[in-house]
Amino acid sequence: MSAPMDEMVDGAGRIRPHWRNLLGAVGGLGKPQLEERARRLQRAAEEEGIASILPGTKAAGMGWRCDPVPLPMPAAEFATLEAGLAQRARLLEAVLADLYGPQTLLRLGLLPPMLVYGNPQFLRASRRANAPAPNPLLQLYAAEMLRGPDGQWRVMSDRAGLVSGMGHAMENRRLMGQAMPEAFRAAKPRGLSIFFELWQDSLQRLGPQRAGAPAVALLSPGTADPHWFEHVVLSREISAALVEPGDLTVRGGALFLKTLQGLQPIDVLLSRVEANTLDPLEFPEADAAGGVPGVLDAARHGALALVNAPGADLAESPALAAFLPALCEHLLGESLLLESLPTLWLGSPGAMAQVLAAGEPILIRPAMDGAAPGEVYTPAMAPRLEAAPGAWCATWLPTASVAPCFSGTALAPLPLALRLFAVSDDTGWHAMPGGLARVLDGTAPMAGRLPRSGWCKDVWVLAEEEALPIIGPAAQQLPPIAIRRNSGAIPSRVADNLYWLGRYVERLDRAARLIRATLTRLRRGAPLPREIAEVAALARCLREAGLIDAEALPGGGSTTALAAALAHAARPEGAVGQLQARIANLTETVRDRLTDDMHATFNLSLRAARAAGETAGTGLESLSRAMVANLRFATAVAGVASENMVRGGGRLFLELGRRLERSQAVLAEIGLVLDQPPARIEAGLRLVLELCDSVITYRSRYLAVLQPTPVLDLVLADPSNPRGLAFQISAIQAALAEVSGLTEDPLVDEAGALSRDAEALVQSILASPEQAVAAAMLPPQLSEMADRLGGLSDGVTRRYFAMLPVARSLGLDGPVAVPAEVLPT
C-alpha cells in the first residue's frame with residue numbers, strides 16, 4: 001500500500017510553503033496555549049455554535065468539534081479545484097436535464113435504465129418530456145473528495161440534493177476567528193461572506209421580476225432534524241425566511257407563507273426536506289403533514305423556483321461515477337477535469353470478478369443510494385453482492401492524505417475528506433473559497449451524507465497579494481421597498497412557540513419563587529405557629545402549580561415529606577427539570593428569531609440552572625441556590641426580550657405568554673393564601689407581598705402597617721407594579737390591541753373588563769367595615785377572574801394559532817351575534 005501524502009510536508013521532508021506562516025503562528029502558541037485554544041473552540045461550539053444544543057432538546061447529541069489547526073490551501077490549487085467543480089456541476093445538471101427530459105442518454109445506451117428507473121430518487125413527477133424546466137435543476141452543488149498518494153484530489157461523493165456542510169463551514173470560520181486570531185493574521189485566508197452574498201443574489205434572480213424583491217424562504221423539517229442549526233445559519237446568511245411545511249400553503253397555483261396578518265407570497269424555496277415528502281399530492285405514500293400540498297405543481301408551472309429541483313438527488317447515485325467520463329465527452333465535449341475515485345457498477349460485465357480479485361481497500365455502496373456511508377469490502381460480503389450485483393457499486397479507496405490534527409494533547413497526522421461547495425448564477429458556477437474538512441479518525445463514515453457529529457477542520461483558501469481583487473455580484477436594479485412596521489408578519493407557528501416559551505419561562509420563575517420561599521421557612525428549624533401556617537399555604541400553592549403531590553402536603557406539623565418532594569422537583573426528572581426541558585425545546589424552535597447573543601444568554605443561564613439542580617442533592621441550602629439559578633434565567637429572558645427584541649409580533653407574543661401566565665399565577669396564589677380565617681389574614685397578607693416581590697415597595701409606602709386594602713391594591717390594582725395583576729392585564733391589553741390592529745376587539749375588551757374588575761375588588765374591600773373579613777371572602781372572585789383569563793388565553797389560541805373561527809351558540813330565536821374574528825385571507 002502506498003504511503004499517505006502529507007498535506008504539510010513535501011516528498012523531501014520540507015514544510016510546504018502554504019503551511020509555513022500558519023505553523024509559525026500555531027507553533028508559537030506552545031502546547032499549553034494550544035490546548036487552551038482547543039478548549040475555547042469546543043466551549044464556544046457548545047455555547048453558541050453548531051453544537052450549542054440546549055439541555056432537553058430533541059436534537060441533543062450533536063457532537064461536532066472544530067480542530068484549532070485549519071487546513072490551508074494555495075490559491076492556485078483552489079482555482080484548479082474550482083474549475084473542476086464547475087465543470088462537474090454543469091455535467092450533472094446536463095445529465096439531470098436529459099433524464100428528466102428527452103432521455104437520450106438511455107436511448108443511446110450511455111446509462112443503464114436500471115440506474116434510473118430502478119432508482120427511488122428518480123421522481124417521475126418531476127419529468128418534463130416535451131419542455132425544458134422553467135428553472136435550473138441544479139443550483140447548489142457539493143463534492144466530497146479524497147487526495148491520494150499521487151497528490152490528486154478525486155471525488156468520492158457528489159451532493160446534489162440536500163447539500164449540507166456550508167453552515168458548519170461558516171460557523172467554523174467564525175469560531176476560529178475568536179479562538180485563533182494569530183493564525184488569521186499569519187495565513188490571511190479569503191473570507192466566505194462574498195460567497196453567501198453571491199448565492200443570495202443568484203437566488204433572488206430566480207424569482208419573478210415584479211414590484212419588490214423576490215421573497216426567498218428556506219424550508220426546514222424543524223428542530224428534530226440533525227441539521228436544524230445549519231438551516232438557521234444559512235437562512236440568516238442569505239436573508240431567507242426560515243419556514244416549516246405547516247407554515248406554507250398553495251393558493252391559485254402559487255406558494256404563500258401563512259402569517260398572522262394574511263398570506264405573503266414566496267417566490268424561491270430552498271428546500272431542505274426530502275423530495276419524496278415535499279408534496280403529498282404527488283407522493284400519496286408521504287405523510288400529508290410532512291409536506292406542502294400543491295408545491296410541485298407551483299414549481300412545474302414556473303410560479304415558484306425550487307432549489308435544488310425535486311429529483312436532483314438522482315445525481316448523487318454512487319454508480320453514476322462509473323459513467324461520468326463518457327457522459328462528459330458526450331454532453332460537454334470535454335474531458336472530465338475533476339475525476340471520481342475509481343468506481344465500478346457491479347452490474348457491468350466482469351465488474352464482480354474485479355472486486356473479488358482486488359487486494360486494495362474497496363468501499364461497497366448501494367448503487368443508487370447516495371446517502372449511505374458504505375462498507376469496506378470483506379470476502380464475507382461476496383454472496384450478498386453476487387445475489388444482486390446491479391444494486392451495488394465498488395469504489396477503490398486510496399490511502400488518503402493526512403494533515404496535522406490536535407487530539408487534545410498533541411498534533412497527529414490523520415486522514416481527511418474535503419467537502420467543497422459551489423453555486424450557479426447567470427455567469428456560471430462559483431465555489432466557496434473554503435470548505436469543510438472531515439477528519440477520518442476511524443469512526444467517521446467514509447461517504448454518504450454529513451453525519452450528525454464529527455471532527456472537522458476549517459478550510460482556508462489563502463489570499464495571494466498578486467491575485468485579482470474579489471468582485472461580488474452586481475447590484476440588482478429593484479424598485480424601492482415599501483416601509484413595513486406591522487406586528488403580525490410572522491407565521492402562526494412561530495407566534496405559538498414564542499407565546500408558550502413566555503408561559504413556560506413564567507412557570508419556571510413561579511416554581512423557583514414558591515420553592516425558595518418554602519425552603520427559607522424549612523431552614524429555620526423549629527418554626528413559629530405563624531410560619532407553620534405560611535408553610536401550609538405555600539404547600540397548597542406548590543400543589544396547585546403541579547410541583548408536589550398531595551402526599552407531600554404537611555400534616556401534623558411534619559414537613560419531612562414536603563422537603564423530599566421539593567428536592568425531587570428540583571432534579572432534571574422532576575417538575576422543575578421538565579419545565580427546563582420544555583423551555584429548551586421551545587427555544588430551539590425559535591432560534592432563528594434570536595440573535596447569537598440572545599441565544600447564548602438563554603443557553604448559558606439555562607445550562608447553569610440545569611447544572612444547579614443536578615448537583616443540589618437534598619440539602620435545603622443547595623436547593624435554595626438552585627432556585628436562584630432558575631430565577632436568574634427567567635430574569636435574563638425578560639431582560640433580553642426587553643432590550644434585544646424589536647417591539648413586533650415576536651416579542652409581543654413572548655410578552656403575551658409571560659403576562660397571561662403571571663396574571664393567572666398571581667390570582668391563584670393570592671386566592672390560596674387568603675383562603676383562611678380572617679383572624680390569620682395578616683400572615684396571609686405578608687406572604688402575598690413576598691410572593692409578588694412587593695415587600696420593599698409596600699414598606700416604602702406604608703412603613704410597618706399591614707392592612708388588607710393597601711396590600712391588595714399593590715398586588716391587584718396598581719398598574720405600576722410589574723409583579724402585580726393590573727400591570728399584567730395592562731400589558732396583555734396593549735399587546736392584543738397592537739397585534740390585532742382592530743378598532744373593536746372582543747379580546748382587548750375582555751382584558752379591559754378584567755382590569756376594571758380588579759380595581760373594583762380593591763374598592764369593595766376599602767368600603768367594607770371589616771377589611772379582614774372582606775379579604776378572606778375574595779378567593780371565589782379571584783378564581784372566577786382566573787377562569788376568565790383562561791378564556792382569554794383560549795381566544796388567543798383560537799384566533800392566532802389554531803386559526804379557528806369563534807364559537808357561536810344557538811338560542812331559541814336563532815344564532816346569537818358574536819363579533820367576528822379576523823382570520824388570514
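**Strands, a helix and confidence in the predicted model**

Leu269 has Leu306, a residue of β11, as its bridge partner. This match belongs to a parallel pairing: strand β10, covering residues 268–271, and β11 are joined over 3 bridges. Keep in mind that everything described here comes from a predicted model.

Zooming out a little, β10 and β11 turn up again in an open sheet of 4 strands, with the order β6-β5-β10-β11 and parallel pairing. The edges of this sheet belong to β6 (241–243) and β11 (305–307); each has a single partner strand, so one side of each is left without a neighbour in the sheet. The strands aren't perfectly lined up either: leaving direction aside, neighbours in this sheet are turned by 25° against each other on average. A helix joins the picture here, as α9 (residues 228–237) lies across β5 (216–219) and β6. Relative to β6, helix α9 runs at about 155°.

Next up is β13, which spans residues 362–366 and is mostly covered, with 4 of its 5 residues buried. Strand β13 pairs with β15 (residues 392–396) through 5 bridges, and the two run antiparallel. Within that pairing, Arg365 sits opposite Cys393 of β15. Strand β13 also pairs with β14 (residues 375–376), again in the antiparallel sense, over 2 bridges. Here Leu363 faces Val376 of β14 as its opposite number.

Helix α18 offers a nice bit of arithmetic. This helix has 20 residues (596–615), and at 1.5 Å a residue it should span 28 Å; the C-alpha atoms at its ends are 28 Å apart, so expectation and model agree. Quite a few of the residues in α18 are buried, among them Met598, His599, Phe602, Leu606 and Arg610. The small residues Ala600, Ala609, Ala612 and Gly613 are on the buried list too, as are Asn603 and Ser605. After α18 comes Gly617, with a positive phi near 70°.

How far does the predictor trust all this? The mean pLDDT of the protein is 87, and 90% of its residues reach 70 or more. Over residues 466–470, though, the pLDDT is below 50, and this stretch has 2 contacts in the model beyond near neighbours in sequence. Residues 805–825 also stay under 50 in pLDDT, and for them the model has 28 contacts beyond four places in sequence.

How values were computed. Residues numbered from 1 in each chain as written. Predicted model: local features only at pLDDT ≥ 70, side-chain atom pairs only at ≥ 80, totals over all residues. Heavy atoms only, no water. Expected span 1.5 Å × (residues − 1). Buried < 20%, exposed > 50% of the residue type's maximum accessible area, 1.4 Å probe, protein only. Pairing = 2+ DSSP bridges. Axes fitted to C-alpha atoms, helices over the stretch in contact; angles between N-to-C directions. Contact = heavy atoms within 4.5 Å. pLDDT = per-residue confidence, 0-100.
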